[in-house]
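Colleague: I should like to learn how to read internal cavities, helix packing and unusual backbone geometry in a model. May we work through one case together?

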Amino acid sequence: MTKPQVIRLHADDNVVVATDRLPAGTTIAAEKITCSEEIPAGHKVATRTIAAAAPIYKYSQVIGFAKGEIAAGAHVHVHNCEVHDFQRDYAIGSDRRQLPILPEQERATFQGIVRADGRVATRNYIGILSTVNCSATVCRRIAAHFNAAALADYPNIDGIVPLVHTTGCAIANSGEGYDTLMRTLRGYLHHPNFAGILLVGLGCEVFQIKDILGQQSTSAMIQQLTIQTQGGTSKAIAAGIECIQAMLPQANAISRQEVSASHLKVALQCGGSDAYSGITANPALGAASDLIVKHGGTAILAETSEIYGAEHLLTRRAVTPQVAEKLIERIHWWEDYVRRSGGEMNNNPSPGNKAGGLTTILEKSLGAVSKGGTSDLVDVYHYAEPITASGLVLMDSPGYDPCSITGEVASGANIICFTTGAGSAYGCKPSPSIKLCSNSRTYQLMEEDMDINCGVMIDSGVTLAEIGEQIFRQILSVASGTRTKSELLDYGDSEFIPWRLGAVM
């Protein structure tokens, strides 16, 4: 297959995307235009004259408006494209597909870890969870004791992971910020990928261990301590090591067994995006997402600030008006949240996004939302809220990847699929993260970090269905214990970043 000069995503679009750098004077025969200036790889070129203030279309959707007249063959980017308010047709439920779900006996399977209460894990960690930043050092010191040599006799344990953060005190003891952090900590406390958890506090903080535990009592595999009660740092570290040591034999006493793919809860994430993300990796993940749903599992969209401007594509697939209204309410919350902070939603594309050809939040969102495939939207959840539905859901979160994924894992995600164009370096414990690269150049440059190259869709003509099936099979393999690139590089100890909301007192 000959690689095309440009990619046209819809017949109605008035821009196309360059697959490689196009020097000024390059003729694009398929579009019958000549480039009036250099078009960087991944960037847009106008296919016809676009009048001042007229919409710019990509994916057959509005991605912005011309600041002035844009001639055919001109580079279309931040210098001549802007965002302002326009009406979006939510058309609730109008595009529902009601894709069939396979009967249980026909669903794919993986080798999972079944906990005593029936929850299914993909990994087997012991976690050390700080209640407050003041106990972070103690958590890290306890975990550091359990190096590879210390765990040599416990081959079924994936590691001891410290989960530390920068809050837990000096915040209100009720309200939005408190509730969000509480859901996050409880979500990790109960995550199936943890065989055991040690809660470590200072003792005087707002986030008390007894409140995090709630109705959950301590047991052999859920332990607690505070530095003040233990009598200081050294004694707390020693006590923590003793607690973890006692958990090791039981945590190691597991075996994997065949379970249905319906137990998969897959976090869908994109970061370090470029213009190819919305053309290759994101829609490919969307195809895999549809397969997850078809086999009875759950696919979790997030990053609400990065579906802004594309939310109407989801409301049209909402299974009920109530689900659509939940999403619309979250969009309005974000508009108010950003306004109160003195910002604007179109600040979301980062310098790296823009260098990669993404011009506006609308363009970024239209590519990002394709991670959700074509399945119906069955529910919308708050950040770190336990996800109970099967199918495609959305969990509200910022676009900041570690923070967003922290919420998805707290909600129950046991696998992460992370698309990237510029090349994100990320991993997450306790849930393995599969990296999907949008273009072959970045994949070859950062192959040690990337699991699948979706750039072959452009370079070699691999179809969306083929790459979607490859991703789905990789998910099953990783869920069965195959290590991802980020796991081999031992990422994941520092990526626990709860969403911090509200005033710091």
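Modeller: Let us begin with a cavity lining. In this predicted model, the lining of the second largest cavity comprises four nonpolar residues, two polar residues and one charged residue.

Colleague: Which residues line the second largest cavity, and what is its volume?

Modeller: The lining is formed by T167, I171, G177, L181, W499, R500 and L501. The volume of this second largest cavity is about 50 Å³.

Colleague: What is the general idea behind such a search, and how many cavities of 30 Å³ or more does the count give?

Modeller: Empty space is revealed by rolling a probe the size of a water molecule over the atoms. Here the count comes to three cavities of 30 Å³ or more. The largest cavity has a volume of about 60 Å³. It is lined by 13 residues, of which G278, N282, K364, G367 and A368 are the closest to its centre.

Colleague: Which helix gives the most to the lining of the largest cavity, and how does that lining divide by class?

Modeller: Helix α10, residues 361-368, gives the most, with four residues. By class, the lining of the largest cavity has five nonpolar, five polar and three charged residues.

Colleague: Let us turn to helix packing. At what angle do α2 and α11 pack?

Modeller: Helix α2 (residues 176-189) packs against helix α11 (residues 401-411) at an angle of about 55 degrees, and their axes are 7 Å apart. The pair is therefore described as α2 oblique to α11. Their crossing is left-handed. On the α2 side the contact is made by R183, T184, G187 and Y188, and on the α11 side by T406, V409 and A410. This contact has three nonpolar, three polar and one charged residues.

Colleague: Is the crossing of α6 and α14 left-handed or right-handed, and which residues meet there?

Modeller: I shall take the geometry before the residues. The axes of α6 (residues 281-294) and α14 (residues 464-479) come within 8 Å and cross at roughly 60 degrees, which means that α6 is oblique to α14. The crossing of α6 and α14 is right-handed. From α6, P283, A284, L285, A287, A288, L291 and I292 meet L464, I467, G468, E469, I471, F472 and I475 of α14. By class, this contact of α6 with α14 has twelve nonpolar, one polar and one charged residues.

Colleague: How should one read the pairing of α1 with α5?

Modeller: The axes of α1 (residues 136-145) and α5 (residues 233-252) come within 9 Å, crossing at roughly 45 degrees. That angle makes α1 oblique to α5, and the crossing of the two helices is right-handed. The contact involves V138, R141, I142 and H145 of α1, together with T233, A236, I237, G240, I241 and I244 of α5. Those residues divide into six nonpolar, three polar and one charged.

Colleague: Finally, the backbone. Where is the cis peptide bond between K429 and P430 placed, and which residue has a positive phi although it is not a glycine?

Modeller: For the bond, one reads omega: the cis peptide bond joining K429 and P430 has an omega of about 20 degrees. P430 is placed in the loop between β21 (415-420) and β22 (433-437). For the second feature, one reads phi: K32, not a glycine, has a positive phi of about 60 degrees. K32 lies in the loop between β3 (27-28) and β4 (33-34).

Technical notes. Residues numbered from 1 in each chain as written. Predicted model: local features only at pLDDT ≥ 70, side-chain atom pairs only at ≥ 80, totals over all residues. Heavy atoms only, no water. Axes fitted to C-alpha atoms, helices over the stretch in contact; angles between N-to-C directions. Parallel < 35°, antiparallel > 145°, perpendicular 65-115°, else oblique. Left-handed = near helix turned anticlockwise from the far one by under 90°. Contact = heavy atoms within 4.5 Å. Nonpolar A, V, L, I, M, F, W, Y, C, P; charged D, E, K, R; others polar. 1 Å grid on protein atoms, 1.4 Å probe; cavity = no way out; pocket = protein on both sides within 12 Å on 5 of 7 lines; lining within 4 Å. Points joined across faces, edges and corners; volume = space filled by probe spheres on them.
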